[in-house]
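Hi there,

Here is the structure I promised to pass on to you. Have a look at it first, and then read on for what turned up.

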Amino acid sequence: MITIVHCVGARPNFMKMAPVMAALGKRPDLFRQVLVHTGQHYDAKMSDVFFEQLGLPTPDVNLEVGSASHAVQTAQIMTRFEPVLDTYNPDWVFVPGDVNSTIACAFVAAKRGVKVAHVEAGLRSRDRSMPEELNRILTDQLSDLLFTPSRDGDENLQREGIPAEKVCFVGNVMIDTLVRLLPKALARWDHLQSHLGIPERFFLATLHRPANVDHPENLARLITALNQISAMHPVLFPIHPRTRSKIGRGVLSSRITLCDPLSYLDFVAAQANAAAVISDSGGVQEETTYLGTPCLTLRSNTERPITITEGTNRLIGDRVEDLPAEVERALAERRTARKPQIEYWDGKASDRIAAQMERIVYNQQPERELVAA
Ligand code: UD1
């Protein structure tokens, strides 16, 4: 029996850890699991509703760090996480993704000599002005086991000198959750659509990245572009708290419907039904690829290039003024496109992680690649 402490903190962590905990939970004789929520995201709509819908257990510990500057937030997570290691004495700490909670918990564990497993390792945007890129690079350097979602992750890690025996290509755990909950999400669509007053054809937009929303000029250009495309189809715009605090009243067209952040199931339903999604998120690029919905990403780079080469994603970068033309192009292409099939984005990535951990319990080396049963 080994003890694993799982660390989550921000919205995109929850759908990654839920399937991993469920897969490990099938062997309670082998794995004792402890869930720590750092409290990086704390609003009910950014956190609690995800726990309910994803079937995540109530966290054993909540560090309640809340919002602060990067340094303060990261430092507070570290200070409050250290005693958790004394309490539970884990063999492994699991950290997902690339948020501040990921690096903070990985760093504390590594310094205490506790093994770290990084779920969603190896992704690189090669843009060090993104806080998440620094979190990814550092977390990967500190990790003892690196579970990659796609083969480009393995290549990036090899280039950075990470020994191959630490790296396991398991596939995309976020897609595990999507595969499991898609039918439930789709069943909610009619109700949500009439509740929000959304027509048959609509665009879905999200924006929260500091580079887009913290600079008033950049945000104004993006709002102008969203207003323009809303002339084509109405836009549903669930708004992240960070963006809500920056957006002025009256600047949005009346064809843009603002709403609070949607729950996981509602957001998946909206992505599946949208004519196209316009976003600066990381995970949305993957979910739209799986769903076959065109995605226009308001960034100059992506740590998920497979969503461009094999999926439905397209980078808009600084060419915000081109957004209306790009949207039209994406709609035209969608009519002929086949739904992408990406290797190991099959709902079984977490089972592969559990199989690797079983090997470790039995004192065997993890395998570079495992085919899930
Ligand atoms: C974080 C992640 C980002 C991820 C995003 C998903 C980092 C560096 N960034 O960004 O990678 O894509 O989560 O949402 O970890 N706020 C609330 N309520 C909440 C949470 C935040 O009002 O529950 C507001 C606060 O004003 C806060 C701001 O949102 O200052 C930003 O929150 P923070 O956790 O610092 O970063 P995100 O922008 O959410």
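**Salt bridges and a cavity**

Asp-346 counts as partly exposed, at 32% relative accessibility. Its salt-bridge partner is Arg-352, and the closest N and O atoms of this pair are 2.5 Å apart. Arg-352, on the other hand, is buried, with a relative accessible area of 2%. Please keep in mind that this is a predicted model.

Salt bridges that share partners also build a network here: Lys-16, Asp-98, Glu-120, Glu-133, Arg-136, Glu-286, Arg-299, Glu-303 and Arg-304 are joined into one. In total, the structure holds 30 salt bridges.

One pair from that network may interest you. Asp-98 and Arg-136 form a salt bridge in which the closest N and O atoms are 2.9 Å apart. This pair links distant parts of the chain, with the two positions 38 residues apart in numbering: Asp-98 sits in the loop between β4 (92-96) and α4 (100-111), while Arg-136 belongs to helix α5 (residues 131-142). And are these two buried or exposed? Both Asp-98 and Arg-136 are buried.

For a salt bridge within one helix, take Arg-329 and Glu-333, whose side chains meet at 3.8 Å, N to O. Both residues lie in helix α15 (residues 323-334), four residues apart, which is about one turn of the helix. Arg-329 has a relative accessible area of 46% and is therefore partly exposed. Glu-333, with a relative accessible area of 39%, is partly exposed as well. As a general reminder, side chains of opposite charge can pair when their charged atoms come close.

Now to the empty space. How many cavities of 30 Å³ or more does the structure hold? There is one, and the largest cavity contains about 40 Å³ of space. Its lining is made up of these residues:

- Val-119 and Glu-120
- Phe-147, Thr-148 and Pro-149
- Val-170, Gly-171, Asn-172 and Val-173
- Ile-353

By type, the lining residues of the largest cavity divide into six nonpolar, three polar and one charged. Glu-120 ties the two topics together: this residue helps line the largest cavity, and Glu-120 is also a member of the salt-bridge network.

Happy to talk any of this through once you have had a look.

Best wishes

Methods: Residues numbered from 1 in each chain as written. Predicted model: local features only at pLDDT ≥ 70, side-chain atom pairs only at ≥ 80, totals over all residues. Heavy atoms only, no water. 1 Å grid on protein atoms, 1.4 Å probe; cavity = no way out; pocket = protein on both sides within 12 Å on 5 of 7 lines; lining within 4 Å. Points joined across faces, edges and corners; volume = space filled by probe spheres on them. Nonpolar A, V, L, I, M, F, W, Y, C, P; charged D, E, K, R; others polar. Salt bridge = Lys/Arg side-chain N within 4 Å of Asp/Glu carboxyl O. Buried < 20%, exposed > 50% of the residue type's maximum accessible area, 1.4 Å probe, protein only.
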